[in-house]
Amino acid sequence: MAESNKELLFRSILKRNPIALLVLGICSSLAVTGQMTTALVMSICVTLVVAFSSMTISIVRYQIPSTVRIGLQIIVIATLVILVDQILRAFFFSLSKQLSIYVGLIITNCIVMGRAEGFAMSNPPIASFLDGIGNGLGYGMVLMVVSFIRELFGSGSLFGMEILPLTTNGGWYVRNGMLVLPASAFFLIALLIWLLRTIDPSQQEKD
(Lines give C-alpha, C1' and ligand atoms only; values in the text may rest on other atoms or scores of the structure.)
Protein backbone atom coordinates (compact mmCIF):
# COMPACT_ATOMS: atom_id res chain seq x y z
CA MET A 1 0.00 0.00 0.00
CA ALA A 2 1.34 3.44 -0.96
CA GLU A 3 2.40 5.64 1.93
CA SER A 4 0.48 8.83 2.62
CA ASN A 5 2.18 12.21 2.35
CA LYS A 6 2.26 12.43 6.15
CA GLU A 7 4.00 9.06 6.43
CA LEU A 8 6.54 10.04 3.76
CA LEU A 9 7.29 13.25 5.62
CA PHE A 10 7.57 11.95 9.19
CA ARG A 11 8.28 8.21 9.09
CA SER A 12 11.99 8.70 8.34
CA ILE A 13 12.51 10.72 11.52
CA LEU A 14 12.13 7.80 13.94
CA LYS A 15 10.71 4.73 12.20
CA ARG A 16 13.03 4.67 9.18
CA ASN A 17 15.84 7.01 10.11
CA PRO A 18 18.59 6.96 7.45
CA ILE A 19 21.39 7.07 10.04
CA ALA A 20 19.88 5.11 12.93
CA LEU A 21 18.21 2.34 10.92
CA LEU A 22 20.08 2.25 7.61
CA VAL A 23 23.45 3.55 8.91
CA LEU A 24 23.86 6.01 6.02
CA GLY A 25 25.52 9.43 6.08
CA ILE A 26 27.80 8.59 8.99
CA CYS A 27 30.91 10.48 7.82
CA SER A 28 29.39 13.96 7.88
CA SER A 29 27.60 13.22 11.14
CA LEU A 30 31.01 12.65 12.73
CA ALA A 31 32.64 15.70 11.20
CA VAL A 32 30.15 18.53 11.71
CA THR A 33 28.53 17.75 15.06
CA GLY A 34 31.07 19.54 17.24
CA GLN A 35 28.84 22.62 17.14
CA MET A 36 25.08 22.90 16.75
CA THR A 37 25.41 25.74 14.24
CA THR A 38 27.37 23.68 11.73
CA ALA A 39 25.14 20.65 12.35
CA LEU A 40 22.02 22.73 11.65
CA VAL A 41 23.43 24.21 8.45
CA MET A 42 24.56 20.79 7.21
CA SER A 43 21.12 19.35 8.02
CA ILE A 44 19.40 22.08 6.00
CA CYS A 45 21.81 21.63 3.08
CA VAL A 46 21.34 17.86 2.94
CA THR A 47 17.56 18.16 3.28
CA LEU A 48 17.33 20.62 0.38
CA VAL A 49 19.63 18.54 -1.84
CA VAL A 50 17.79 15.27 -1.11
CA ALA A 51 14.36 16.81 -1.66
CA PHE A 52 15.07 18.70 -4.87
CA SER A 53 17.30 16.03 -6.41
CA SER A 54 14.64 13.37 -5.76
CA MET A 55 11.92 15.56 -7.24
CA THR A 56 14.01 16.43 -10.31
CA ILE A 57 14.96 12.82 -10.97
CA SER A 58 11.35 11.73 -10.51
CA ILE A 59 10.18 14.30 -13.09
CA VAL A 60 12.56 12.99 -15.77
CA ARG A 61 12.61 9.32 -14.74
CA TYR A 62 10.79 8.11 -17.86
CA GLN A 63 13.29 9.87 -20.12
CA ILE A 64 16.39 8.45 -18.42
CA PRO A 65 17.99 5.47 -20.23
CA SER A 66 18.75 2.76 -17.68
CA THR A 67 22.37 2.58 -18.83
CA VAL A 68 23.12 6.17 -17.72
CA ARG A 69 20.71 6.64 -14.83
CA ILE A 70 23.42 6.64 -12.13
CA GLY A 71 25.53 9.16 -14.02
CA LEU A 72 22.55 11.45 -14.56
CA GLN A 73 21.58 11.20 -10.91
CA ILE A 74 25.10 12.24 -9.91
CA ILE A 75 24.97 15.20 -12.32
CA VAL A 76 21.67 16.41 -10.82
CA ILE A 77 22.93 15.98 -7.24
CA ALA A 78 26.31 17.62 -8.00
CA THR A 79 24.59 20.62 -9.60
CA LEU A 80 22.41 21.16 -6.54
CA VAL A 81 25.36 20.72 -4.15
CA ILE A 82 27.42 23.29 -6.09
CA LEU A 83 24.46 25.69 -5.96
CA VAL A 84 24.09 25.24 -2.19
CA ASP A 85 27.84 25.63 -1.68
CA GLN A 86 27.96 28.87 -3.68
CA ILE A 87 25.00 30.31 -1.76
CA LEU A 88 26.76 29.53 1.52
CA ARG A 89 29.97 31.15 0.27
CA ALA A 90 28.10 34.24 -0.88
CA PHE A 91 25.91 34.86 2.17
CA PHE A 92 27.38 32.81 5.06
CA PHE A 93 31.09 32.75 4.34
CA SER A 94 32.24 32.03 7.91
CA LEU A 95 29.91 29.03 8.14
CA SER A 96 31.10 27.87 4.73
CA LYS A 97 34.68 27.92 6.01
CA GLN A 98 33.71 25.94 9.13
CA LEU A 99 31.98 23.28 7.05
CA SER A 100 35.01 23.16 4.77
CA ILE A 101 34.82 20.30 2.26
CA TYR A 102 31.84 18.61 3.87
CA VAL A 103 29.23 20.51 1.88
CA GLY A 104 30.87 19.32 -1.32
CA LEU A 105 30.90 15.77 0.00
CA ILE A 106 27.09 15.78 0.09
CA ILE A 107 27.48 14.53 -3.49
CA THR A 108 28.77 11.23 -2.10
CA ASN A 109 26.25 11.04 0.75
CA CYS A 110 24.56 7.64 0.51
CA ILE A 111 21.24 9.08 1.67
CA VAL A 112 21.00 11.32 -1.40
CA MET A 113 21.91 8.61 -3.89
CA GLY A 114 19.84 6.02 -2.04
CA ARG A 115 16.60 8.01 -2.20
CA ALA A 116 17.21 9.00 -5.82
CA GLU A 117 17.72 5.41 -6.95
CA GLY A 118 15.50 3.62 -4.44
CA PHE A 119 12.49 5.95 -4.36
CA ALA A 120 12.50 8.76 -6.92
CA MET A 121 13.03 6.46 -9.89
CA SER A 122 9.73 4.69 -9.20
CA ASN A 123 7.53 7.35 -7.59
CA PRO A 124 5.88 10.65 -8.63
CA PRO A 125 7.57 14.04 -8.03
CA ILE A 126 5.55 15.26 -5.02
CA ALA A 127 5.97 11.96 -3.16
CA SER A 128 9.70 11.99 -3.99
CA PHE A 129 10.02 15.57 -2.72
CA LEU A 130 8.28 14.72 0.56
CA ASP A 131 10.35 11.57 0.95
CA GLY A 132 13.48 13.67 0.50
CA ILE A 133 12.32 16.19 3.10
CA GLY A 134 11.50 13.34 5.50
CA ASN A 135 14.90 11.70 5.11
CA GLY A 136 16.58 15.07 5.53
CA LEU A 137 14.65 15.65 8.76
CA GLY A 138 15.66 12.21 10.01
CA TYR A 139 19.29 12.92 9.18
CA GLY A 140 19.07 16.34 10.81
CA MET A 141 17.46 14.96 13.95
CA VAL A 142 20.45 12.70 14.59
CA LEU A 143 22.93 15.49 13.85
CA MET A 144 21.19 17.92 16.20
CA VAL A 145 20.95 15.42 19.08
CA VAL A 146 24.61 14.47 18.75
CA SER A 147 25.79 18.06 18.36
CA PHE A 148 23.67 19.16 21.36
CA ILE A 149 25.44 16.67 23.62
CA ARG A 150 28.90 17.27 22.17
CA GLU A 151 28.77 21.06 22.27
CA LEU A 152 27.03 21.36 25.65
CA PHE A 153 29.21 18.93 27.58
CA GLY A 154 32.34 19.28 25.45
CA SER A 155 32.46 23.06 25.16
CA GLY A 156 29.87 24.26 27.68
CA SER A 157 27.90 26.13 25.02
CA LEU A 158 24.98 25.85 22.60
CA PHE A 159 25.05 27.60 19.21
CA GLY A 160 28.24 29.27 20.44
CA MET A 161 26.60 30.82 23.52
CA GLU A 162 28.04 29.86 26.91
CA ILE A 163 25.64 27.73 28.96
CA LEU A 164 27.97 25.98 31.39
CA PRO A 165 30.71 28.38 32.61
CA LEU A 166 34.06 26.63 32.09
CA THR A 167 36.73 26.58 34.78
CA THR A 168 39.17 27.97 32.19
CA ASN A 169 37.03 31.12 32.14
CA GLY A 170 36.56 31.31 35.90
CA GLY A 171 33.43 29.15 35.98
CA TRP A 172 32.59 25.84 37.65
CA TYR A 173 32.19 23.35 34.78
CA VAL A 174 35.06 21.06 33.78
CA ARG A 175 34.45 20.19 30.15
CA ASN A 176 34.52 16.64 28.85
CA GLY A 177 37.48 16.68 26.50
CA MET A 178 36.49 13.42 24.80
CA LEU A 179 33.27 14.97 23.46
CA VAL A 180 35.34 17.54 21.58
CA LEU A 181 36.90 14.74 19.51
CA PRO A 182 35.03 13.54 16.38
CA ALA A 183 35.31 9.93 17.60
CA SER A 184 32.82 10.70 20.38
CA ALA A 185 30.10 10.97 17.73
CA PHE A 186 30.55 7.23 17.05
CA PHE A 187 29.57 6.39 20.61
CA LEU A 188 26.68 8.85 20.69
CA ILE A 189 25.23 7.59 17.41
CA ALA A 190 25.59 4.00 18.63
CA LEU A 191 23.69 4.89 21.82
CA LEU A 192 21.00 6.64 19.77
CA ILE A 193 20.62 3.59 17.51
CA TRP A 194 20.34 1.36 20.58
CA LEU A 195 17.72 3.68 22.09
CA LEU A 196 15.57 3.82 18.95
CA ARG A 197 15.72 0.07 18.44
CA THR A 198 14.86 -0.54 22.09
CA ILE A 199 11.82 1.75 21.85
CA ASP A 200 10.77 0.18 18.54
CA PRO A 201 11.81 -3.53 18.43
CA SER A 202 10.61 -3.80 14.80
CA GLN A 203 13.78 -1.93 13.79
CA GLN A 204 16.00 -4.62 15.30
CA GLU A 205 17.84 -6.87 12.87
CA LYS A 206 16.47 -10.39 12.64
CA ASP A 207 18.66 -13.47 13.01
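User: What do buried, partly exposed and exposed stand for here, and how does Leu40 count?

Analyst: Buried means under 20% relative accessible area, exposed means over 50%, and partly exposed lies in between, with a 1.4 Å probe and protein chains only. Leu40 has 35% relative accessibility and therefore counts as partly exposed; its place is in helix α3. This is a predicted model, in which local features need pLDDT of at least 70 and side-chain atom pairs count only at pLDDT 80 or more, while totals for chains, interfaces and linings use all residues. Residues are numbered from 1 along each chain as its sequence is written, and side-chain values use heavy atoms, with hydrogens and water left out.

User: How are helices such as α7 named, and what span should α7 have?

Analyst: Helices (H or I, at least four residues) and strands (E, at least two) are DSSP runs, numbered from the N terminus. The expected span of a helix is 1.5 Å times one less than its number of residues. Helix α7 covers residues 125–155, and its 31 residues should span 45 Å, which agrees with the 42 Å between its end C-alpha atoms. Just after α7 comes Gly156, which takes a positive phi of about 75 degrees.

User: How many residues of α7 are buried?

Analyst: Of the 31 residues of α7, 22 are buried, so this helix is largely enclosed by the rest of the structure. Leu130 is found in α7, and with a relative accessible area of 16% this leucine is buried. The C-alpha atoms of Leu130 and Gln86, 44 residues apart along the chain, are separated by 25 Å.

User: How is the packing of two helices described, and at what angle do α3 and α7 cross?

Analyst: Two packed helices are described by the angle between their axes and the distance between the axes. Here the axes are lines fitted to C-alpha atoms, for helices over the stretch in contact, and angles run from 0 to 180 degrees between N-to-C directions. The axes of α3 (residues 36–59) and α7 come within 8 Å and cross at roughly 165 degrees. Angles under 35 degrees count as roughly parallel, over 145 as roughly antiparallel, 65 to 115 as roughly perpendicular and the rest as oblique, and α3 and α7 are therefore roughly antiparallel to each other. The residues of their contact divide into 18 nonpolar, 9 polar and 1 charged, where Ala, Val, Leu, Ile, Met, Phe, Trp, Tyr, Cys and Pro count as nonpolar, Asp, Glu, Lys and Arg as charged, and the others, Gly among them, as polar.

User: How does α7 lie relative to α8?

Analyst: The axes of α7 and α8 come within 10 Å and cross at roughly 125 degrees, which makes α7 oblique to α8. Helix α8 covers residues 184–199 and holds Ile193, which counts as buried at 17% relative accessibility. Ile193 and Val23 are 170 residues apart in sequence, and their C-alpha atoms are 9.0 Å apart in space.

User: How many disulfides are there?

Analyst: A disulfide is a covalent bond between the sulfur atoms of two cysteines. The rule used here asks for a pair of cysteine sulfur atoms within 2.5 Å, and the count by this rule comes to 0 disulfides. Cys45 is buried, with a relative accessible area of 5%, whereas Cys110 counts as partly exposed at 44% relative accessibility.

User: Where is Phe159 found, and what is its phi?

Analyst: Phe159 is found in the loop between β1 (157–158) and β2 (161–162). Its phi is near 50 degrees, a positive value in a residue other than glycine, and at 38% relative accessibility Phe159 counts as partly exposed.

User: What separates Ala31 from Ala183 in sequence and in space?

Analyst: Ala31 and Ala183 are 152 residues apart in sequence and 9.0 Å apart in space, C-alpha to C-alpha. Ala31 has its place in helix α2 (residues 26–31) and is partly exposed, with a relative accessible area of 33%.
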